[in-house]
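Colleague: I am new to reading protein models, so please take me through this one step by step. I will keep my questions short.

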Amino acid sequence: MKKLLILLGFLVLSFLFLTGCGQSNQPVDNSQSGSQQSEGGTSSTHSKLKFAMIIHDTGNSFFSVMDRAAQDAAKQLGVEVKFMGPKTFDVAQEVNMLESAVDAGYDGIAFTAPDPKAFDAAVKKAKEKGIPIIAFNTDAPDSGRDAFVGQDLEQAGYILGKLMFEKYMKGEGKYIIATSAPGHTALEARIAGIKRAQKEFPNIQLVNIIDITSDLSKAYGVIENAYTANKDVKAFLGVDVYSEAIGTFIQTNNLNGKVLGAGFDLTPGTLKHIANGAMQVTIGQNPYLQGYFPIHLLYLKKTQDISPININTGAEIVTKENVQDYLNRKE
């Protein structure tokens with residue numbers, strides 16, 4: 001209990017420090033990380049600690065916020081963080097990169113886990129070498145990782161579904177789920193949450209789950225085809241960052257009000273669709289915190305032997321009523 005209180009206090013103080021400094025909009029130069037004690041940071045005693053953060057798709061701009069957050073944490077703590085991953089979504093390549101990071105002897109590793117079993121062997125190898133390892137953004141809870149930093153994904157899906165079915169669909173109608181990566185652990189969890197919410201509304205019907213891919217132009221075509229085949233569909237619910245394609249389709253075809261849209265993440269495109277009425281709701285997951293906290297957890301494990309804990313980064317609900325606050329916010 002004492003270690004938990006120390007950890008929570010440290011994280012709160014770290015976050016207050018960060019917000020008090022205004023969260024600079026400029027990315028931190030990676031070449032400066034760990035080279036010297038930074039203003040407001042810790043002593044240089046642990047300046048040579050090196051951590052790896054491995055994601056499943058560096059081509060997705062969504063993860064750039066996490067990279068910036070990790071480098072901010074590294075600057076504060078006087079450590080080095082290497083942020084890496086395959087250029088496009090590729091579980092096998094990410095697993096190889098994780099195994100290489102373990103072999104390279106990093107002091108700690110954080111990784112995204114879009115597959116529930118693929119990372120088990122690499123995680124086991126890291127634990128055998130005494131390397132603390134944390135999942136962030138997407139989780140594989142049975143992999144043996146030390147902790148998870150990210151959204152309660154199933155609950156977030158439930159929140160989205162509940163809002164759409166109750167507030168916007170008024171308890172009746174057909175809907176389609178759009179996912180960019182069938183089988184992805186995070187997206188499947190959100191889909192499960194949506195389906196759980198649906199059970200509360202007997203007059204709501206799921207028509208289909210469509211694969212819109214991770215290409216927005218292709219996503220538009222998939223959504224268009226799904227709508228053409230189901231003209232009576234009342235809503236499309238996306239479960240990932242590519243949800244903005246739903247709003248683009250609705251807005252382009254003058255379907256505002258006739259077809260409803262919901263999704264995940266706070267991309268500029270999605271927020272604009274919320275503002276213009278093409279989409280009704282989106283759910284954010286605080287990507288900055290998902291990049292920031294793993295570095296502090298790894299640091300505390302290496303320097304104080306404080307075991308990492310799970311951190312829920314929450315579900316930000318954005319609708320037309322509050323979207324201007326997000327459009328005006330500087331990331």
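**Strands and sheets**

Colleague: How many bridges join strand 8 to strand 9?

Modeller: Strand 8 covers residues 233-238, strand 9 covers residues 260-264, and the two run parallel. Strands (E, at least two residues) and helices (H or I, at least four) are DSSP runs, numbered from the N terminus. Two strands pair if DSSP finds at least two bridges between them. Strand 8 and strand 9 are joined by a number of bridges equal to 3.

Colleague: What is left out of the side-chain values?

Modeller: This is a predicted model, in which local features need pLDDT of at least 70, side-chain atom pairs count only at pLDDT 80 or more, and totals for chains, interfaces and linings use all residues. Residues are numbered from 1 along each chain as its sequence is written, and side-chain values use heavy atoms, leaving out hydrogens and water.

Colleague: Which residue in strand 9 is the bridge partner of A235?

Modeller: Let's return to strand 8 (residues 233-238), which is joined to strand 9 (residues 260-264). In strand 9, the bridge partner of A235 is L260.

Colleague: Which residue in strand 8 does I177 stand opposite?

Modeller: Strand 6 and strand 8 pair over 5 bridges, in the parallel sense. Opposite I177, in strand 8, stands L237.

Colleague: Which strands stand at the edges of the sheet with the order 7-6-8-9-10-12?

Modeller: That is an open sheet of 6 strands with mixed pairing. At each edge there is a strand with a single partner, so one side of it is left without a neighbour in the sheet. The edge strands are strand 7 (204-211) and strand 12 (316-319).

Colleague: By how many degrees are neighbouring strands of this sheet turned against each other on average?

Modeller: Axes here are lines fitted to C-alpha atoms (for helices, over the stretch in contact), and angles run from 0 to 180 degrees between N-to-C directions. For this average, direction is ignored. Neighbouring strands of the sheet are turned against each other by 20°.

Colleague: What is the order of the open sheet with parallel pairing?

Modeller: This open sheet has 6 strands. Strand 2 (80-84) and strand 11 (311-312) are its edge strands, and each pairs on one side only. The order is 2-1-3-4-5-11.

**Packing of helices**

Colleague: Are helix 7 and helix 8 roughly parallel or oblique to each other?

Modeller: Helix 7 (residues 216-229) and helix 8 (residues 244-252) pack at an angle of about 60°, with their axes 9 Å apart. Angles under 35 degrees count as roughly parallel, over 145 as roughly antiparallel, 65 to 115 as roughly perpendicular and the rest as oblique. Helix 7 and helix 8 are therefore oblique.

Colleague: How many nonpolar residues does the contact of helix 7 with helix 8 have?

Modeller: In helix 7, L216, A219, Y220, I223, E224 and Y227 meet E244, A245, I246, T248, F249 and T252 of helix 8 (contact means heavy atoms within 4.5 Å). Ala, Val, Leu, Ile, Met, Phe, Trp, Tyr, Cys and Pro count as nonpolar, Asp, Glu, Lys and Arg as charged, and the others, Gly among them, as polar. By class, the contact of helix 7 with helix 8 has 2 polar and 2 charged residues, while its nonpolar residues number 8.

Colleague: How many charged residues does the contact of helix 3 with helix 4 have?

Modeller: Helix 3 (residues 91-104) and helix 4 (residues 120-128) pack at an angle of about 10°, and are therefore roughly parallel to each other. The contact is made by L98, E99, V102 and D103 of helix 3 and A122, K125 and A126 of helix 4. By class, that contact has 4 nonpolar and no polar residues, and its charged residues number 3.

**Buried residues**

Colleague: What is the relative accessible area of F83?

Modeller: F83 is found in strand 2 and is in contact with residues including M53, I55 and F63, leaving aside its neighbours within four places in sequence. Buried means under 20% relative accessible area, exposed over 50%, and partly exposed in between (1.4 Å probe, protein chains only). F83 is buried, with a relative accessible area of 15%.

Colleague: How many of the 6 residues of strand 8 are buried?

Modeller: Strand 8 is among the elements covering the buried residues of helix 8. Strand 8 is itself largely enclosed by the rest of the structure, because its buried residues number 5.
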